[in-house]
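Visitor: I am new to this structure, and I would like to learn how to read it step by step. Could you guide me, starting with the place where the ligand sits?

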Amino acid sequence: MPHKDVLEIDTIYIDGRFVTPHGTELFDLHNPATGAVTGRVRLADEEDARAAIAAAKRAFPAFSRTGKAERIALLHRMADAVAERRGDLLDAVIEEYGAPVSRAAFMVDHPVNVLREAAELLGDYPFVRRMGTAEVSMEPLGVAGLITPWNSNAGFICGKLATAIAAGCTAVVKPSEMSARQTRIVTEALHAAGSAPGLFNIVTGRGDRVGAAITGHADVAKISFTGSTATGKAILRAAADTLKRVTLELGGKSPTVLLDDADLSRAIPLAVSAAFMNSGQACIAGTRLLAPRSRLAEIEALAKAAVEAVRAGDPRDPATTVGPMVSRTQWERVQRYIRIGMEEGAVLLAGGEGRPEGTEGWFVRPTLFTAVRNDMTIAREEIFGPVLSIIPYGDEEEAVAIANDTVYGLQAYVLSADAARARRVADRIVAGRVLINSLAHDPKAPFGGFKQSGIGREYGSFGLDAFLEPKTLLGEGV
Ligand code: NAD
């Protein structure tokens, strides 16, 4: 049972006010670095979801008619307000999610940046276009349901909400129940920014209750979802009845294609960072390291040393790069995959089952397998933890074939000393983003996946298009 001085979160945000949910279920919040209960959240239910949707529906007619200047000003006020809560948010991201301080700084700046980037994008976006003799205007879709996961909670809430606002949509946000503390801070900040009641509503609850109520509701026109591929498929099915527009940002099993000319002193640290970013809990993690057989021994030795040097432990220690897994369930899931890797014949080079020495929470040992075949479970399924698999290949042709032999297609990495050669390989990889000798991000470029990594794109003008519907006017006076 939680200690009596744990944080109690017992309100949700509907129609511009913090209100007590109709739902009564209580959900424990943990510090994943210790496993201790640190808070308790009262969850919303279906009735709360319906109240939030009704509020967003009431707010839509007026908000959809606002101009660019008003929305840009609101986005900047929101960015300022979230930036003001940086200290609180940093604590929450470390305590509730277990993000290492090195990563946590990005996680609290990112939500501010996405709000500002949406404001900038909106300034340049052509809502009215001439096409032949027609005038085409991009119209906001209506109420948007925004459903987010726990691995970058504040960033996903702000990113999706910023785009909905830029488009002139109103919103109901359903964040992960495991991130309630971060959600509360973000909600308080967005509320302090001042906006019309109902413009955005934030209801923390279970996915199969609140999430499902949003996805099935006839008054919701659009769903933007980030989460697992299995949930994404359930959402797509549920949204079919009312033909909602759906954007799905789902899982990945991203390849890192290490070409045989690569400078390994640069390439190996980059490959390990790509694999273990966000403690391995990243949809874009490069978890399959495709290594040329001609240099395999060298690559294995360097990768082993690099993975052994990765510090998994106290998230507040600046030297830590891998924090705990977010929950016991997630920890068990990663342990199971490590076991499956061993059973299926992969060769363990570093890490393995169990916890790193001296840790008590949900820490995983940074793990490296080699002799992995692309048909093994650990090469096919998303593990969502710090587990990297080396998959040997013969020639470039085979590397491309292995890279593309996956149901996913979110991101890929190509590492080579020859930029032109890397580019040729990148052109053949089926993925929403391919990074060459880099871990770069560009918020103006679209983000999203091919194949079962999702549907649609976020960020930039493609992201904004996804909250809008083109309307054509023809004839007299046009
Ligand atoms: P999840 O699919 O379990 O949950 C995501 C959200 O969906 C949560 O808010 C959850 O409550 C809700 N949900 C669950 N069932 C639902 C239902 N039936 N209807 C509506 N909503 C429902 O995912 P997670 O475990 O929170 O996050 C990890 C997953 O997210 C990983 O698979 C990862 O790859 C993916 N992810 C993808 C991206 C991307 O941009 N492509 C980014 C981050 C994470």
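Guide: Helices (H or I, at least four residues) and strands (E, at least two) are DSSP runs, numbered from the N terminus. This is a predicted model, in which local features need pLDDT of at least 70, side-chain atom pairs count only at pLDDT 80 or more, and totals for chains, interfaces and linings use all residues. Residues are numbered from 1 along each chain as its sequence is written, and side-chain values use heavy atoms, with hydrogens and water left out.

Visitor: Which elements each supply at least two residues of the shell around the ligand?

Guide: They are α7 (207–216), β11 (220–226) and α8 (229–240), and the largest share, four residues, comes from α7.

Visitor: Which polar contacts does the ligand have?

Guide: A polar contact is a pair of N or O atoms within 3.5 Å; within protein, one must be able to donate a hydrogen and the other to accept it, and residues adjacent in sequence count only if both atoms are side-chain atoms. Here, a side-chain N or O atom of Lys174 is 2.6 Å from a ligand oxygen, one of Thr231 is 2.8 Å from a ligand oxygen, and a backbone N or O atom of Leu250 lies 2.6 Å from a ligand nitrogen.

Visitor: How does the span of helix α2 compare with what its residues should give?

Guide: The expected span of a helix is 1.5 Å times one less than its number of residues. For the 17 residues of α2 (residues 68–84) that gives 24 Å, which agrees with the 24 Å between its end C-alpha atoms.
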